[in-house]
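Hi everyone, thanks for making time this morning. I'd like to walk you through a structure that is probably new to most of you, so please have it open as I talk.

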Amino acid sequence: MNERNKRRVTYRTWKKGYFHLCTDGKEHILCHNDAEYVNLVNAISILPLKYPVKVHTYQVMRTHVHMLLSGQGKDCVDAFDYLKYRAGRRLREDGYQPLPNDYDFRLIPVEDETHMRRNIVYVARNAFEVRDIVPGGYLWGASMIFYSDIPGLFKTIRAGDLSARKQWEIFGTRIRVPDDYLIHAPTGMVLPQSFVDTKVFYKVFKTARQYLTALVKDFEGYVMVADQLGETVSFTQEEAEMIIGQVLEQGYQGVDPERLTTEERFRLASSLHKKYSLSVDQLVAGLHLPAGMLAQALRSKQYK
């Protein structure tokens, strides 16, 4: 049995809980156009109707999907298989390269409220990691409904007001959808407030300010979730300076880096490079170290 199948067998043994599901995102394009994004969002809206799972947030990206689900492990695996089927079917219909049989995903248990906050933030941050857009302004995710009145402006129609044929065109399934599912009329996309269970979000983020602060400041949590999912992260120079400032505040009483010894700065640079993947240029600017010496130090055994 290969590693992929071993993971699937393991996932199926997991008891009911909260899970972060992330599909492969390195080699295959899931969405070439808006209609394919809509198809995947609508497929996600079917998951709570087809399986005993709840969707707590999601983000459909061009090459992968993030979802926070609750349910048993076996139901989350089935949910992925259905999503893979729906994505692959649409790609074939549109004449694009279909998904391979071994197209895979990761399922990460969410351990506690802190871990939940970090996973919600990780899903939301995907929007501005690939585009210059805030999470709440991204069309293909649930972040638009959190602490937001904007969805109330959308022109919608109720699923119950549609014919059976029209429902099939939109949802691609014979499963009966609730009459009160709201569909964005111009695109045919189900809006997230129709099917996303937001109770968990508002339990762990009591205020909008708390949520926004975590989005821009919880770098440690962001890196931790990325490591669990096997994904890589990168930070802007501004974010790198914020990270360095946080570490100096927590571990060095906020002292200016130039007041540290050269040895302390080299060790701090090595730690920041390993933990946050900060580049030499970012570390040079933040810790006032010579670029050549720092690059050499990071390659040496002394600072491994």
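I'll go through the sheets, then the salt bridges, and finish with one loop residue.

Before we start, please keep in mind that this is a predicted model.

Let's begin with the sheet of 4 strands. It is an open sheet, its strands come in the order 2-3-1-4, and the pairing is antiparallel. Which strands sit at the edges? They are strand 2, residues 54–60, and strand 4, residues 105–109, and each of them pairs on one side only. Going from one strand to the next, the twist averages 15°. For anyone new to sheets, a general reminder: strands pair through backbone hydrogen bonds, and they can do that in a parallel or an antiparallel way.

Now find strand 3, which covers residues 65–71. Strand 3 pairs with strand 2 over 6 bridges, in the antiparallel sense. A hairpin connects strand 2 to strand 3, passing through 4 residues. If you'd like landmarks for this pairing, valine 60 has valine 65 of strand 3 as its bridge partner, and tyrosine 58 has methionine 67 of strand 3.

Strand 3 also pairs with strand 1, residues 17–23: the two run antiparallel and are joined by 6 bridges. Here you can look for glycine 17, which stands opposite glycine 71 in strand 3.

So is strand 3 enclosed or open to the outside? Of its 7 residues, 7 are buried, so strand 3 is largely enclosed by the rest of the structure. You can check this on both faces. Val65, Met67, Leu69 and Gly71 point one way, His66, Leu68 and Ser70 point the other way, and all of them are buried.

Let's move along the chain to another sheet. This one is open too, with 3 strands in the order 5-6-7 and antiparallel pairing. Strand 5, at 156–158, and strand 7, at 189–190, stand at the edges with a single partner strand each, so one side of each has no neighbour in the sheet. Strand 6, residues 182–184, runs antiparallel to strand 7, and 2 bridges join them. Within that pair, isoleucine 183 is opposite valine 190 of strand 7.

Next, the charged side chains. As a general point, side chains of opposite charge can pair when their charged atoms come close. How many salt bridges are there in this model? The count comes to 17, and I'll show you a few.

The pair I'd like you to find is arginine 12 and aspartate 78, whose side chains meet in a salt bridge at 2.7 Å, N to O. This pair links distant parts of the chain, with arginine 12 in helix 1 (residues 3–13) and aspartate 78 in helix 3 (residues 73–93), 66 residues apart. Arginine 12 is partly exposed, at 35% relative accessible area, and aspartate 78 is partly exposed as well, at 24%.

Then take arginine 125 and glutamate 239. They form a salt bridge whose closest N and O atoms are 3.2 Å apart. Again distant parts of the chain are linked: arginine 125 belongs to helix 4 (residues 113–130), glutamate 239 to helix 9 (residues 237–251), and they are 114 residues apart. Are these two buried or exposed? Arginine 125 is buried, with a relative accessible area of 2%, and glutamate 239, at 13%, counts as buried too.

Aspartate 75 and lysine 74 give us a mixed case. Their side chains meet in a salt bridge at 3.3 Å, N to O. Aspartate 75 counts as buried, at 4% relative accessibility, whereas lysine 74 counts as partly exposed, at 34%. There is also a network of salt bridges that links Arg4, Arg7 and Asp104.

My last stop is aspartate 197. Where is it? You'll find aspartate 197 in the loop between strand 7 and helix 6, the helix at 199–204. Its relative accessible area is 15%, which is under the 20% cut-off, so aspartate 197 is buried. A polar atom of its side chain lies 3.1 Å from the backbone nitrogen of lysine 199. Leaving aside residues up to four places away in sequence, aspartate 197 touches Lys54, Val55 and His56.

That's my tour, and I'm happy to take questions.

Conventions: Residues numbered from 1 in each chain as written. Predicted model: local features only at pLDDT ≥ 70, side-chain atom pairs only at ≥ 80, totals over all residues. Heavy atoms only, no water. Pairing = 2+ DSSP bridges. Axes fitted to C-alpha atoms, helices over the stretch in contact; angles between N-to-C directions. Buried < 20%, exposed > 50% of the residue type's maximum accessible area, 1.4 Å probe, protein only. Salt bridge = Lys/Arg side-chain N within 4 Å of Asp/Glu carboxyl O. Polar contact = N/O pair within 3.5 Å; in protein donor to acceptor, adjacent residues only side chain to side chain. Contact = heavy atoms within 4.5 Å.
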